[in-house]
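Hi,

Here is the structure I promised to pass on. Please have a look, and then read my notes below.

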2 protein chains.
Amino acid sequence: MAKSSHSLAAQVYARLRQEIMGGTFAPAEPLRLAQLKDRYGVGFSPLREALTRLTAEGLVAAEPMRGFCVAPLSLEDLRDTMDTRIFVETAALKRSILHGDDAWEARIVATLHAFKLQLARRDESDPESRETLENRHRDFHFALVSASGSARMQAIIENLYLGSARYRVLRPGDRSAYLARNLEEEHTAIAEASLARDTDQACALLAEHYRRTAESLELAHRRQLGAATAAQ
Amino acid sequence: MAKSSHSLAAQVYARLRQEIMGGTFAPAEPLRLAQLKDRYGVGFSPLREALTRLTAEGLVAAEPMRGFCVAPLSLEDLRDTMDTRIFVETAALKRSILHGDDAWEARIVATLHAFKLQLARRDESDPESRETLENRHRDFHFALVSASGSARMQAIIENLYLGSARYRVLRPGDRSAYLARNLEEEHTAIAEASLARDTDQACALLAEHYRRTAESLELAHRRQLGAATAAQ
DNA sequence: GAGTGTTAAATTTTCGAATATACTTGTTTT
DNA sequence: AAAACAAGTATATTCGAAAATTTAACACTC
């Protein structure tokens with residue numbers, strides 16, 4: 001029982017993705033097949049398939065005949081990603097406000113509530129608590145733009161989210177800037193403006209929210225770069 | 001000699017992609033591994049890798065334990081794709097006009113010239129001639145947005161182009177609507193407005209260009225649907 | 001000592017057999 | 001006849017050995 005109906009490749013993909021996002025494998029770190037084969041207890045085929053998928057999604061980089069490595073991070077990519085997110089998500093939010101029905105509103109209310117609950121009980125020292133918070137945060141933002149009516153935009157938004165989430169602050173000590181923000185207020189304001197169908201206000205608040213996030217991520221990324229350099 | 005340095009998987013990927021785009025495999029047609037294995041003379045591994053990549057890019061659909069098939073087309077997807085293209089590419093053009101340097105201008109002039117040459121000598125009865133025209137058309141449009149300064153946007157644009165190019169009219173007889181347009185004039189006008197740094201005009205012309213394209217593709221797609229239904 | 005070729009080791013990539021899953025066809029049961 | 005079941009067939013998926021390629025180590029020349 002509890003036997004997953006997914007193929008092995010899909011399972012490996014999920015685990016690998018989680019471990020890259022979680023920092024088990026550092027950016028630019030080589031991903032040796034033999035090593036991963038042992039770690040996951042699978043053959044080459046599903047491994048390769050998972051890595052190929054992750055490569056197409058931008059989480060992994062592949063060099064012909066030289067294997068795979070975790071895709072590197074850079075300040076440039078972070079800025080690009082966050083700028084593009086703001087651009088695409090504000091447009092998607094605008095359309096969602098225009099077309100959103102009751103289910104859309106309900107989904108926003110629901111995900112915001114769940115996010116607030118976790119925000120209140122969060123424990124920064126517990127990785128699992130941090131992950132739950134991150135997931136609920138993501139769910140809320142996806143809910144906001146879920147009525148855009150464009151599957152293509154949805155896919156783009158998900159991919160960009162994935163790309164930016166890699167810059168999350170991994171070390172608890174570096175999360176002070178993030179935590180100093182009044183996240184409950186920021187998200188509530190975005191939700192209220194959206195539900196009130198105040199397009200301009202909602203988009204402005206969302207953009208500002210992401211600009212703050214970008215700033216916070218940039219700061220943390222710089223600090224991490226510094227730490228990495230110092231550690232050499 | 002002439003031995004490709006690419007891996008087998010990359011070669012299979014390129015061929016498969018070309019054959020899907022070219023209509024060798026019809027939309028929604030199952031892609032049987034044994035059949036492809038024979039056709040390309042390779043083993044399962046590179047085949048699977050190529051199919052996985054194409055799946056991530058949206059050209060192929062995969063069902064767990066049931067293999068792969070060519071991703072289906074639909075009027076809904078066509079509209080979504082073209083709308084999103086207009087949205088993203090006009091923004092990218094705007095930024096390119098803002099940041100574009102001499103190399104950007106030169107690239108526009110060069111690709112437009114090459115496109116015009118092929119337009120003049122085009123032979124609708126020759127598939128190769130049609131493909132060359134399509135490639136040069138693509139090159140011009142990529143050149144327009146090549147100075148956006150955003151690698152993420154670039155990637156999105158390329159993926160959306162790929163998605164929409166599948167709706168190209170494949171049968172020569174159905175290209176009348178496409179050919180009736182004054183393509184030389186349309187593209188020249190876009191290039192001129194861009195080089196003159198007239199952002200609003202350039203974006204308006206580009207959007208209009210894509211709206212016409214969308215219309216033409218919709219027409220052809222409907223016709224093809226009708227033909228497919230009638231043929232049953 | 002810097003450069004150059006040569007062998008050995010490590011690693012990726014590919015192949016085809018082996019396995020697991022889905023589909024088909026025919027049979028039985030109700 | 002419809003539904004449920006049961007082989008048998010077709011197909012996708014996975015494995016581990018084999019082949020191809022890159023990297024490392026080492027000796028040799030200039």
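Let me start with Ser45(B): one of its polar side-chain atoms lies 2.7 Å from a base nitrogen of DNA strand C, a polar contact (a pair of N or O atoms within 3.5 Å; within protein, one must be able to donate a hydrogen and the other to accept it, and residues adjacent in sequence count only if both atoms are side-chain atoms). This is a predicted model, where local features need pLDDT of at least 70 and side-chain atom pairs count only at pLDDT 80 or more, while totals for chains, interfaces and linings use all residues. Residues are numbered from 1 along each chain as its sequence is written, chains are lettered from A and ligands numbered from 1 in the order in which they are written, and side-chain values use heavy atoms, leaving out hydrogens and water.

Two backbone contacts go to phosphate oxygens of DNA strand C: a backbone N or O atom of Leu8(B) lies 2.4 Å from one, and for Gly43(B) the distance is 2.6 Å.

In total, 22 residues surround the strand, and Arg48(A) and Arg66(B) are also among the closest; here, near means a heavy atom within 4 Å. Sugar and phosphate make up 83% of the DNA strand C atoms that come within 4 Å of the protein.

Which element gives the most to this surface? That is α3(B), with three residues; helices are DSSP runs of H or I, at least four residues, and strands are runs of E, at least two, numbered from the N terminus.

Happy to chat!
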